[in-house]
Amino acid sequence: MSVVFEIHEKAVEGAAVLRVVGHLNAKSTTQLLEHCRVVRSSKRSVILNLSEVEFIASSGIGALLALTEEFREDGLMVRYADLSSAVDSVLRLLNLQEFLGIDESVEDAIRSIAA
Amino acid sequence: MSETHDTTTNDALRSTMKGQRQRSKPRFGIRLLVTLVGVGITVLAVLSVGAIQERDTRRTLTSELEARALLEARNLALTSSRALLDDFPELTLQPLLTEKQKRQPELELLVVADRDGQILGHPDQRLLGNRFEIATDALPHATQRRLQADESMLANTDLLIALAPIEYLGQTLGRVAVGIQKSYIDQLLHEARMRQAMILLVVLAFAGLIVYGSMTKLLLPIDALRRGVERIGRGDLETPIAVDERTEIGLLADSVNEMAADLKQAQADMVEKERLARELELAREIQSGLLPENKQESGSFLIDGTHEAAFEVGGDFYDFFNLPDGRIGVAVADVAGKGLAGCLVMSMLSALLGAFRDQYDSPSELLAKLDERLVKDLMSGSFVTMFYGILDPEKGKMCFASAGHMPTLVFRKNTGAVEEYRTKGIPLGAIKGGAIRRTLHDEWVDLADGDLLVQYTDGINETMDPEGHEQFDLPRMHNVVSDAAETGAGAVISNLITAIADFRGDTARLDDETIVVVSRELAGKATMVDGGSPALIAGPTQATPSLEIAPNPAPNVPAEEEAVAWVVDAQRRGIRLDLQSDLDGLSAIRGWLEGQDSIGSLKTSVKELIWTAVYEACANVAEHGYGATNGARFYVWWLSDLPTPQLSLADVGAAEAAVDEETSEEHGTADEGSPIRGRFVLLDRGRPFSPDNWSGTDFSDPKVWRKGRGFGLDIIHRVMTRVVYRPGTRHGNVTLLCFDSTQLEKKELTNVRGL
C-alpha cells in the first residue's frame with residue numbers, strides 16, 4: 001500500500017510556499033528534496049507548510065536539516081510553518097525546534113523572510 | 001535561531017550594498033546624454049562657422065568702409081572746389097556738411113580746409129576759422145584701395161580718416177578730411193551676430209526635440225530588455241524577452257533569451273546531476289550495507305572478503321552468513337554489467353539469497369532456485385555468475401556449486417600446491433526454462449588445517465597490465481596465494497590486492513574486484529575478530545531447539561536465550577503485527593497501534609512518537625535486513641505493562657517451538673494491560689546487521705545537517721526506555737523496545753518548556 005504524498009507550490013515575493021501533504025518518509029523525502037532543489041536553483045527561499053504532514057520519519061527530519069543547511073549555503077532561507085502535531089512532536093523530541101526556523105503560520109514565515 | 005539570524009544578516013547586507021551602489025553611481029539617461037552631446041556639437045559647429053564668417057565679414061566691411069570714406073572725401077573735395085572759389089565758402093559748406101552728417105551720423109569727421117589749413121567747412125560752425133589739425137594718435141592706415149596723388153588714409157582707435165586734396169584747374173585749393181566711426185563695423189557685426197544667435201536657438205530647439213524623440217523610440221526596446229534581464233535575475237527563466245526589433249537590440253534580446261534557455265537547461269542538468277549523485281551515493285550505501293562488515297570466525301575457520309567497485313557502485317557481490325544448522329553459507333557473484341544496473345541486480349540477488357538460503361541444503365539447488373527467480377526479471381543478455389558454498393565447520397568440508405563462475409582455488413597445506421576446481425554450470429538467468437539444472441552439480445572439498453579456499457570474481461584474474469597486453473591470470477594468483485597462505489586469510493587477500501594493483505599500474509580499475517577466502521587456521525593461530533558483529537562472531541548456531549545458553553557475545557548484547565525468551569513471551573502474551581519487508585508495508589503500523597486500547601488512549605503527541613519510533617525500528621529491519629524489498633515478512637509484538645520476563649528455561653523450551661509456527665501463519669491474542677508501560681518485540685529473519693553504538697547525535701554540528709540522515713536511532717532511543725538488538729538467534733534477529741509513557745511525557749514536557 002502506497003501512502004499519499006503531495007506537494008503544492010505557491011509563489012510569494014522572493015520565496016516559494018510548499019504545502020506538504022501526507023507522510024514524510026524515505027520515499028517521499030527524495031521527492032521533497034528534489035522539489036526544494038529546483039526552488040533553490042532559482043535563488044528563492046522556501047517556506048514549508050507542514051500542517052498536513054501526518055507522519056515524519058527520521059529521513060524526513062534529515063531532509064529538513066539538509067535543506068536548511070543547503071539553502072543557508074546559498075544565502076537563502078528555509079522556514080517551517082504551521083507544524084502538524086506529528087512534526088512538532090518529533091522536532092521537540094530531538095530538541096530541534098531551536099535550530100530550525102519555525103513559524104506559527106505561513107504569514108509569519110513570509111514576514112520572517114521579508115524581514 | 002542562529003541560522004535565521006545569519007540569513008537575515010546576509011539579506012540585509014546585500015540590500016545595503018545594493019543601496020550603496022545605487023547612491024555612489026548616479027545614473028544618466030541615454031536620451032539626455034545623446035541630446036546634450038548633439039546640442040553641444042551643433043553649438044560648437046555653429047560658433048566655429050560664425051567666428052570664421054565674422055572674421056571675413058569684418059574684413060569686407062573694413063574694405064567697404066575705406067572705399068566709402070575715400071569716396072566721401074573725393075566727393076566732398078569736388079563739391080568744395082567751387083565753394084572755395086567763392087568769397088564766402090563757409091556759407092556754402094556749412095549747411096552742406098551739417099546736412100551730410102545729419103543723414104550719415106557715422107561720418108563723425110567732416111572737415112574742409114584751405115591750403116593754409118584754416119577750416120572753411122565743418123558741421124560745427126564754432127570751429128570755422130580754426131586751424132585744422134589731425135588727431136595726434138592717428139596713424140597711416142594700410143589700405144588696398146588705390147590712392148591718388150595727395151590722398152591718404154589714417155586711422156586711430158575710433159576713426160578711419162580719408163584725406164583728399166581739393167583741386168581746381170591743376171591747382172590745390174585745400175584738402176578734405178572725412179572720418180567714419182569704426183564702431184560702425186562693430187555695430188553691423190553685432191546685429192549680424194544677434195540674427196545668427198536667434199537662428200541658432202531655433203535650430204537647436206528643433207534638433208534637440210528630434211534627437212530626444214528619436215532616442216526615446218530607439219530606447220523603448222532597451223526598457224523591455226532591462227525588465228527581462230531583471231526577471232531572469234530573479235530566477236524567472238520561463239518568460240522570454242519580447243523585443244521584435246531588427247536592430248542590434250533585437251539581436252541582444254535574442255542572445256539573452258538563448259542565454260536564459262541555456263541557463264534553464266543548465267539548472268535542470270545540475271539538479272538532475274545532483275539527484276543522480278545522491279541516488280548513486282544512496283545506492284553505494286545500500287550496496288555496501290549488503291556486504292558483510294566483518295570477517296566471520298567459526299571454530300577453526302575464518303572467512304574474510306573484500307570488494308572494490310570499478311565505479312561508484314558495482315555488480316559484484318559476496319556474503320557469508322550463519323545457516324540454521326550451524327553451517328555457514330558463502331556466496332560470491334558477478335553480475336554482467338557494472339554501475340547502477342549491476343548494483344540493482346546485485347541487490348535483487350542479495351534479497352533472493354536472503355529469502356531462500358535457509359530452505360536449501362544443496363548449493364546447486366539454491367542456485368537453480370535463484371535462476372528460476374532471476375530469469376523472470378533480468379533483461380535479455382543479462383546474467384549472473386555465482387559461486388555458492390556451504391561450509392560445515394565441524395566436518396571441515398565445504399559443499400559448493402558454481403554457475404559459470406571463476407574456478408575455485410584451494411591451497412593445500414600439506415603439499416603447498418594450489419588446486420583449481422572448475423564446474424560446468426551456466427550463469428544464472430542466461431537461459432530460460434531451467435536448463436541450468438542440468439549443468440549444476442554440487443562439489444565437495446575437504447579443508448584440512450592450514451588449507452585455504454579462495455573464490456573471486458573475474459576482475460581479479462582478468463586484470464590487464466598497463467599496456468593491455470596481458471592478464472594477471474591464474475598462475476600469478478597461484479603464486480600469490482601459495483606465498484601468503486600460511487599467514488592466513490587476511491594476508492592472502494591483502495597480497496592479492498597489492499599484486500593486482502602493482503600489475504595494473506597507474507591504469508584505472510576496469511572491473512569490480514571481489515575476493516573471499518575461507519581458511520582453516522592452524523591450531524593456536526586463530527585470528528581474533530576485531531569489532532565484529534555480535535551475531536557473526538557467535539559460535540555455531542544450533543539446529544535443534546536445545547536450551548543451551550549461547551555464550552554472551554559482547555557485554556552490551558544479551559545472550560541468545562534472553563532474546564529468545566523475549567520472543568517466546570511476546571508470542572504468548574503479545575499482540576502481533578505481520579509486516580511486509582518493504583517500506584510501504586510499514587504504513588500498517590499506525591492503524592495497528594491505534595487499535596491497541598492501551599496506546600490508543602494516550603495523548604496524541606505521545607502516540608505519534610511511539611508510532612515514529614516503532615516505524616524507525618521496523619524500517620531498519622526492512623532496509624538493512626531485507627534491502628527494503630517486498631517478498632518477506634517480519635513480526636512485531638506489543639506487550640502492555642509487563643515486567644521483564646523471568647521465564648524458566650523449561651517455560652522457554654515448551655513455548656519456543658510454537659514461535660516458528662506462529663510467526664509463519666497465525667496471529668496471537670492480546671491481553672490488555674496498563675496503557676502506560678510496555679514493550680515491542682521485533683523478530684525478523686533478514687540479514688543481520690551490526691547494531692550501531694548509539695551515542696546521541698550532536699545537532700549543533702553542521703556536518704550532521706549536511707549528512708541529513710541517520711537520526712532513526714535518536715528517535716528510537718529518546719522514545720524508548722530500553723533498546724536492544726540481538727541478531728542471529730536460532731529464531732532470527734530480535735529487537736526489544738521498552739516503553740514508558742510517563743517517562744516520555746516528562747521528556748516531552750521538558751522539551752516543550754525548553755528546559
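**Exercise 1. Confidence**

In which helix and in which strand of chain B is confidence lowest and highest? Use the answer to judge which stretches of this predicted model to read with care.

Solution.
- Step 1. Confidence in chain B is lowest in helix α11 (residues 534-537), where the mean is 28. The highest value belongs to strand β16 (residues 452-456) of chain B, at 95.
- Step 2. Around that helix, the pLDDT is below 50 over residues 524-555 of chain B. The model nevertheless has 64 contacts for this stretch beyond near neighbours in sequence.
- Step 3. A further stretch, residues 664-674 of chain B, stays under 50 in pLDDT and has 20 contacts beyond four places in sequence.
- Step 4. For chain B as a whole, the mean pLDDT is 80, with 84% of residues at 70 or more. The scores of the model are ipTM 0.90 and pTM 0.39.

**Exercise 2. The sheet of chain A**

Describe the order of elements in chain A and find the edge strands of its sheet.

Solution.
- Step 1. Chain A contains four helices and five strands. Read from the N terminus, they follow the pattern β-β-α-β-α-β-α-β-α.
- Step 2. The five strands make an open sheet with mixed pairing, in the order β1-β2-β3-β4-β5 (chain A).
- Step 3. β1 (5-12) and β5 (102-103) of chain A each have a single partner strand, so they stand at the edges with one side lacking a neighbour in the sheet.
- Step 4. β1(A) runs antiparallel to strand β2 (residues 15-24) of chain A, and eight bridges join them. In this pairing, Ile7(A) is opposite Val20(A) of β2(A).
- Step 5. Of the 115 residues in chain A, 58% are buried.

**Exercise 3. A six-stranded sheet in chain B**

Set out the strand order of the six-stranded open sheet in chain B, and identify the helix that lies across β5(B).

Solution.
- Step 1. Chain B has 19 helices and 22 strands. Six of the strands form an open sheet with antiparallel pairing, ordered β2-β1-β6-β5-β4-β3 (chain B).
- Step 2. The edges are β2 (119-121) and β3 (139-140) of chain B; each has a single partner strand, so one side of each has no neighbour in the sheet.
- Step 3. Inside the order, strands β5 (residues 159-168) and β6 (residues 171-181) of chain B are antiparallel over ten bridges. Leu159(B) has Gln181(B) in β6(B) as its bridge partner.
- Step 4. Helix α2 (residues 30-83) of chain B lies across β1 (107-114), β2, β4 (152-155), β5 and β6 of chain B. The helix runs at about 30° to β5(B).

**Exercise 4. Strand β13 of chain B**

Which residues of β13(B) are buried on each side, and which strands pair with β13(B)?

Solution.
- Step 1. In a regular strand, side chains alternate between the two faces of the sheet.
- Step 2. For strand β13 (residues 408-411) of chain B, Thr408(B) and Val410(B) are buried on one side, and Leu409(B) and Phe411(B) on the other. Both faces are therefore covered.
- Step 3. Strand β14 (residues 418-421) of chain B is antiparallel to β13(B), with four bridges between them. Thr408(B) has Tyr421(B) as its bridge partner in β14(B).
- Step 4. The hairpin of β13(B) and β14(B) has six residues between the strands, and Gly416(B) takes a positive phi near 75° there.
- Step 5. β13(B) also pairs with β16(B), in the antiparallel sense over three bridges. Here Leu409(B) is partnered by Val454(B).

**Exercise 5. Packing of α4 and α5 in chain B**

Classify the packing of these helices and the residues in contact.

Solution.
- Step 1. Helix α4 (residues 183-233) of chain B packs on α5(B) at about 10°, with the axes 10 Å apart.
- Step 2. Angles under 35 degrees count as roughly parallel, so α4(B) is roughly parallel to α5(B).
- Step 3. The residues in the contact include Ile222(B) and Leu225(B) of α4(B), and Ala253(B) and Val256(B) of α5(B). By class there are ten nonpolar, two polar and no charged residues.

**Exercise 6. The interface**

How many residues of each chain are in contact with the other chain, and which helix of chain B gives the most?

Solution.
- Step 1. The contact joins 40 residues of chain B to 41 residues of chain A.
- Step 2. On the chain B side, α1 (2-24), α5 (248-290), α15 (604-626), α17 (702-707), α18 (712-719) and α19 (741-753) each supply at least two residues.
- Step 3. α15(B) gives the most, with nine residues.
- Step 4. The chain B side comprises 15 nonpolar, 13 polar and twelve charged residues.

Definitions and conventions: Residues are numbered from 1 along each chain as its sequence is written. Chains are lettered from A and ligands numbered from 1 in the order in which they are written. Two residues are in contact if their C-beta atoms, placed from the backbone, lie within 7 Å. Ala, Val, Leu, Ile, Met, Phe, Trp, Tyr, Cys and Pro count as nonpolar, Asp, Glu, Lys and Arg as charged, and the others, Gly among them, as polar. pLDDT is the predictor's confidence in each residue, from 0 to 100. Two strands pair if DSSP finds at least two bridges between them. Axes are lines fitted to C-alpha atoms, for helices over the stretch in contact, and angles run from 0 to 180 degrees between N-to-C directions. A residue is buried if 20 or more other C-beta atoms lie within 10 Å of its own, exposed if 12 or fewer, and partly exposed in between; C-beta atoms are placed from the backbone. Angles under 35 degrees count as roughly parallel, over 145 as roughly antiparallel, 65 to 115 as roughly perpendicular and the rest as oblique.
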